[in-house]
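Subject: Structure handed over, with notes on what was found

Dear colleague,

Please find below the structure I promised to pass on to you. My notes on it follow directly after.

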Amino acid sequence: MIIVADYELSYNKDDHIFCLSHEAHARCPDCCSELRYRDSRDRIWRTYGGKTFHICIRRLKCPCCNRLHNELPNILVPHKHYGAEVIENVVDEVVTPEDKATEDYPCIATMERWKEWISRVTPAIDSTLRSIGCRLLQFTDELLLSGVSLLGALRVRGSDWLATVIHTIYNAGSSVPA
């Protein structure tokens, strides 16, 4: 299981990054118990210019249900090496394969896969966001029955929509299909 946290990055000279979480007490998305630190592991983060970093992320364990949770910083997307900003800009066509600045990263096939992934999972994201809105925020049934795409509305609002969606869905105990 994955939880997503606000973070502060601490760099060292070997391009190794440590994530310092702003979450004082992370909660298990399954049973709401307070999670305990278990260990940490490396995660790859690719950024603009083809630069690769290794981020040390925390693994937390729930003392009640014994589930392990990786605490990802909200710059990362689960199951993806490139950061949320890069993926978001490709999907929104801010970055295209024709840009000279993108020659070092990612390949055209990867960019196309990201676009296909977002279009494929948009209905699942919308339904999950509606469910979270009704379950946790006490939104009315009107939200469930509206034909408005919540993901589309977030995308129109501007940058960081992907990080916001990932953060909201994973911390509510759900996930986005890979």
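Tyr82 is buried, as is Trp114, and I begin with these two residues of what is a predicted model. Their rings have centres 5.3 Å apart and planes at 75°, so the pair is edge-to-face. Because Tyr82 sits in the loop between strand 6 (68-73) and helix 1 (84-91) while Trp114 belongs to helix 2 (residues 108-136), the pair ties together parts that are 32 residues apart in sequence.

A search of the whole structure for aromatic pairs gives 2 of them. The other one joins Trp45 and Phe53, whose ring centres are 5.4 Å apart and whose planes stand at 35°, so this pair is tilted. Trp45 and Phe53 are both buried.

As to the overall layout, the protein chain has 5 helices and 6 strands, and their order along the sequence is β-β-β-β-β-β-α-α-α-α-α. Of the 178 residues in the protein chain, 40% are buried.

The largest nonpolar core is made up of 27 residues, and those with the most contacts inside it are Ile87, Ile125, Leu162 and Val176. Helix 1, helix 2 and helix 5 (161-171) are the elements that give two or more residues to this core, and helix 2 gives the most, with 8 residues.

Helix 1 is mostly covered, with 7 of its 8 residues buried; these are Ala84, Val86, Ile87, Glu88, Asn89, Val90 and Val91, a list in which Ile87 also appears among the residues with the most contacts inside the core. For helix 5, the buried residues are Trp161, Leu162, Ala163, Val165, Ile166, Ile169 and Tyr170.

Two residues of helix 2 can be set beside these helices. Glu112, which lies in helix 2, counts as partly exposed because its relative accessibility is 42%, and its C-alpha atom is separated by 8.5 Å from that of Val91, the two residues being 21 residues apart along the chain. Ser131, likewise in helix 2, counts as partly exposed at 32% relative accessibility; from Ser131 to Ile169 the C-alpha to C-alpha distance is 9.9 Å, across 38 residues in sequence. Val91 is one of the buried residues of helix 1, and Ile169 is one of those of helix 5.

Which residues line the second largest cavity? The lining is formed by Val77, Pro78, His79, Lys80, Trp117, Ile166, Tyr170, Val176, Pro177 and Ala178. The structure holds 2 cavities of 30 Å³ or more, and the second largest has about 30 Å³ of space. Its lining residues divide into 8 nonpolar, 1 polar and 1 charged. Two of the lining residues, Lys80 and Trp117, also form a contact of another kind, since Lys80 lies over the face of Trp117, at 4.3 Å from the ring centre. The lining shares residues with parts already described: Ile166 and Tyr170 are among the lining residues and also among the buried residues of helix 5, while Val176, another residue of the lining, is one of those with the most contacts inside the largest nonpolar core.

Finally, some notes on the backbone. Glu93, which follows helix 1 and has a positive phi near 60°, has its place in the loop between helix 1 and helix 2, and with a relative accessible area of 52% Glu93 is exposed. Asn66, a residue other than glycine, also has a positive phi, near 60°, and is found in the loop between strand 5 (52-61) and strand 6. Helix 5 is followed by Gly173, whose phi is positive as well, near 90°.

With best regards

Conventions. Residues numbered from 1 in each chain as written. Predicted model: local features only at pLDDT ≥ 70, side-chain atom pairs only at ≥ 80, totals over all residues. Heavy atoms only, no water. 1 Å grid on protein atoms, 1.4 Å probe; cavity = no way out; pocket = protein on both sides within 12 Å on 5 of 7 lines; lining within 4 Å. Points joined across faces, edges and corners; volume = space filled by probe spheres on them. Nonpolar A, V, L, I, M, F, W, Y, C, P; charged D, E, K, R; others polar. Phe/Tyr/Trp six-rings, centres within 6.5 Å; stacked < 30°, edge-to-face > 60°. Buried < 20%, exposed > 50% of the residue type's maximum accessible area, 1.4 Å probe, protein only. Helix = DSSP H or I, 4+ residues; strand = E, 2+ residues; numbered from the N terminus. Lys NZ or Arg CZ within 6 Å of the ring centre and 35° of its normal. Core = buried A, V, L, I, M, F, W, Y, C linked by side-chain atoms within 4.5 Å.
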